[in-house]
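Please load the model shown below in a viewer and keep the selection tool at hand. Each stop of the tour names what to select and then describes what is found there.

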Amino acid sequence: CEGGQMPLSRRLTKRGFRNPFRKEYAIVNLRDLDRIEAGTPVTPLLLLQRGLIKAVKDGVKVLGDGELSHPLTVAAHHFSQAALRKIRAAGGAAEVIEDR
C-alpha cells in the first residue's frame with residue numbers, strides 16, 4: 001500500500017450478480033381472483049384493468065393463496081400446483097398462455 005492508501009479492491013463497493021435472463025412475473029393470488037364475478041374470463045388484460053396487477057412484466061403467475069368460491073376460467077402464463085388444484089376443485093379451468 002503506497003502512500004497509505006487502501007487497496008483498490010477494498011475501496012470499491014461490492015456488487016452482486018444480476019441474471020440478465022431472469023424472468024419476473026406479476027403475481028396474483030386466488031383470494032384476489034375470488035372478487036371477480038363467476039363466468040368472467042380472467043385474462044392478464046382484465047387483471048390490469050381491475051388493478052390486481054400493476055404490469056404484466058414477463059407474464060402472470062397465479063398462486064394458490066386463498067380459496068375460490070365459484071368457477072372461473074383463468075388464463076395466465078404460469079400456475080402453482082395448489083392454484084391449479086383449487087381452480088379445478090371450484091369447477092373452473094386454467095389456461096396456460098404460451099411464452100412469447
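The tour begins with conventions and then proceeds from strands to single residues and salt bridges.

This is a predicted model, in which local features need pLDDT of at least 70 and side-chain atom pairs count only at pLDDT 80 or more, whereas totals for chains, interfaces and linings use all residues. Residues are numbered from 1 along each chain as its sequence is written, and side-chain values use heavy atoms, with hydrogens and water left out.

**Stop 1: strand E3**

Select residues 60-63, which form strand E3. Helices (H or I, at least four residues) and strands (E, at least two) are DSSP runs, numbered from the N terminus. In a regular strand, side chains alternate between the two faces of the sheet. In E3, Val60 and Val62 point to one face and are buried, while Lys61 and Leu63 point to the other and are not. Buried means under 20% relative accessible area, exposed over 50%, and partly exposed in between (1.4 Å probe, protein chains only).

Add strand E1 (residues 26-29), which pairs with E3 in the parallel sense over 4 bridges; two strands pair if DSSP finds at least two bridges between them. Here Asn29 stands opposite Leu63. Next, add E5, which runs parallel to E3 and is joined to E3 by 2 bridges. Val62 stands opposite Phe79 of E5.

**Stop 2: Ser80**

Select Ser80, in the loop between strand E5 (78-79) and helix H4 (81-89). Is Ser80 buried or exposed? Its relative accessible area is 18%, so Ser80 is buried. Ser80 touches Lys61, Val62, Leu63 and Gly64, not counting residues up to four places away in sequence; contact means heavy atoms within 4.5 Å. The side chain of Ser80 also reaches the backbone nitrogen of Gly64 at 3.3 Å.

For an exposed serine, select Ser9 in helix H1 (residues 8-11), which has a relative accessible area of 62% and is therefore exposed. Display Leu68 as well: Ser9 and Leu68 are 59 residues apart in sequence and 54 Å apart in space, C-alpha to C-alpha.

**Stop 3: the open sheet**

Select E2, E4 and E6, an open sheet of 3 strands in the order E2-E4-E6 with parallel pairing. Strand E2 (41-42) and strand E6 (93-96) stand at the edges, each with a single partner strand, so one side of each is left without a neighbour in the sheet. Between E2 and strand E4 (residues 73-76) there are 2 bridges, and Val42 stands opposite Val74 in E4.

**Stop 4: salt bridges**

A salt bridge is a side-chain nitrogen of Lys or Arg within 4 Å of a carboxyl oxygen of Asp or Glu. By this rule the count comes to 6. Three of them may be selected in turn.

- Lys57 and Glu24: the closest N and O atoms are 3.4 Å apart. Lys57 lies in the loop between helix H3 (44-50) and E3, and Glu24 in the loop between H1 and E1, 33 residues apart.
- Arg31 and Asp65: the N to O distance is 2.9 Å. Arg31 lies in helix H2 (residues 30-33) and Asp65 in the loop between E3 and E4, so the pair ties together parts 34 residues apart in sequence.
- Arg50 and Glu37: the side chains meet at 3.2 Å, N to O. Arg50 lies in helix H3 and Glu37 in the loop between H2 and E2, so this pair ties together parts 13 residues apart in sequence.

Finally, select Arg22, Glu24 and Lys57 together: salt bridges that share partners join these residues into one network.

Definitions and conventions
A polar contact is a pair of N or O atoms within 3.5 Å; within protein, one must be able to donate a hydrogen and the other to accept it, and residues adjacent in sequence count only if both atoms are side-chain atoms.
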